[in-house]
Amino acid sequence: MKAFILAAGRGSRISKYIPDIPKCTVDVGGEPLIRRTVGMLLKNKIETTVIVGYRHAEIERVLEGLPVHIVYNPFFDVTNSIGSLWMAESAGLFTEDDCIVANGDVYWSQEILDFAMKQKEEIILLADSARVLDGDYFFGTENGMLRRYGKGLTRKERDCEYTGIVFMKAPFVPKFLKKLNELIDTQCHGMWWEDAIYRISGEEDIPVKDINGYFWAEVDFIEDYRRILDHISEKTGMKTNGSIITPDHRQGIEES
């Protein structure tokens, strides 16, 4: 199995609350988030590629010593994540293997990895039905299949929040890459990498798996980062005192 972690974006929505660093490098229990995720994947013998862009040298630094592939997207400020993932594909890093594609600003656990790897479907999108009220990007499903997606879904249209994590088995990967390249070829550089999957969902069923009960959070809003700190505090007894901490900024940073 291979994993591709998207970590090229700026993170503008949380940037005013943290130092000027890539959001995937915020501290989560004494370790940068991206290093924690990559370490978990490597521990499970999953070959890992990290696609970087914004302040890429800082991400590369926190990953020093780990056997990972680094792909640099120098056009991160004019492309969305679809452009970043395409660069990994054009570098030949996608092969005929099962793979994980995930956003680098997501805190997730070994339990979620174990759950996903037990599933039999060719592709699964992980979502959380417990986050249907106050989430960011939503799915609407029918019989476990993706039917609707978007930030603007009404409460009646949505039933779960997307986590930013997708598992694909080898037979599905060529279909995904074909759609990814079609979008790139038609200059759809402003799309998310998931848009390739959403386009396929109009042609065949795409399963959505509910991870309600497992803790995860995306570091996009300050409230979600605080949820991570609170979760770590509960699990380890680490005192965060509500401070925003990073590997190189151990002092608390007051909210503006």
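**Figure 1. Overview of the predicted model.** The protein contains seven helices and 11 strands, and the structure shown here is a predicted model rather than one derived from an experiment. Of its 256 residues, 54% are buried. Among the contacts with a separation of 6 or more, 72% are made by residues that lie 24 or more positions apart.

**Figure 2. Close-up of helix α3 and its surroundings.** Helix α3 covers residues 81-90, and because seven of these 10 residues are buried, the helix is largely enclosed by the rest of the structure. The buried residues are Ser-81, Ile-82, Gly-83, Ser-84 and Leu-85, together with Met-87 and Ala-88. Their packing partners include four strands, namely β1 (2-7), β2 (47-52), β3 (69-72) and β4 (99-103), and the buried residues of α3 also pack against helix α5 (173-185). Following α3 in the chain is Gly-92, which has a positive phi, near 80°.

**Figure 3. Close-up of the crossing between helices α3 and α5.** The axes of α3 and α5 come within 10 Å and cross at roughly 120°, and the two helices are therefore oblique to each other. The crossing of α3 and α5 is left-handed. On the α3 side, the residues in contact are Ile-82, Gly-83, Leu-85, Trp-86 and Glu-89, and they meet Phe-176, Leu-177, Leu-180, Asn-181, Leu-183 and Ile-184 of α5. Sorted by class, this contact of α3 with α5 comprises eight nonpolar residues, two polar residues and one charged residue. As a general point for reading such a view, residues three or four places apart in an α-helix point the same way, because the helix has 3.6 residues a turn.

**Figure 4. Close-up of Cys-160 in strand β9.** Cys-160 belongs to strand β9, which spans residues 160-168, and with a relative accessible area of 5% this cysteine is buried. When neighbours within four places in sequence are left aside, Cys-160 is in contact with Ala-127, Asp-128, Ser-129 and Val-132, with Tyr-137, Phe-138, Phe-139 and Thr-141, and also with Val-208. Tyr-149 stands 11 residues away from Cys-160 along the chain, and the C-alpha atoms of these two residues are separated by 9.7 Å.

**Figure 5. Close-up views of two further cysteines, Cys-24 and Cys-99.** Cys-24 has a relative accessibility of 4% and so counts as buried. Cys-99 likewise counts as buried, at a relative accessibility of 2%. A search of the whole structure for disulfides finds zero.

**Figure 6. Close-up of Asn-143 in a loop between two strands.** Asn-143 is located in the loop that connects β7 (138-142) and β8 (145-150). Although Asn-143 is a residue other than glycine, its phi is positive, near 55°. With a relative accessibility of 81%, above the cut-off of 50%, Asn-143 counts as exposed.

**Figure 7. Close-up of Gln-187 in a loop between two helices.** Gln-187 is found in the loop between α5 and α6, the second of these helices covering residues 195-200. Gln-187 is not a glycine, yet its phi is positive, at about 65°. The relative accessible area of Gln-187 is 57%, and this residue is exposed.

Methods: Residues numbered from 1 in each chain as written. Predicted model: local features only at pLDDT ≥ 70, side-chain atom pairs only at ≥ 80, totals over all residues. Heavy atoms only, no water. Buried < 20%, exposed > 50% of the residue type's maximum accessible area, 1.4 Å probe, protein only. Contact = heavy atoms within 4.5 Å. Disulfide = S-S within 2.5 Å. Axes fitted to C-alpha atoms, helices over the stretch in contact; angles between N-to-C directions. Parallel < 35°, antiparallel > 145°, perpendicular 65-115°, else oblique. Left-handed = near helix turned anticlockwise from the far one by under 90°. Nonpolar A, V, L, I, M, F, W, Y, C, P; charged D, E, K, R; others polar.
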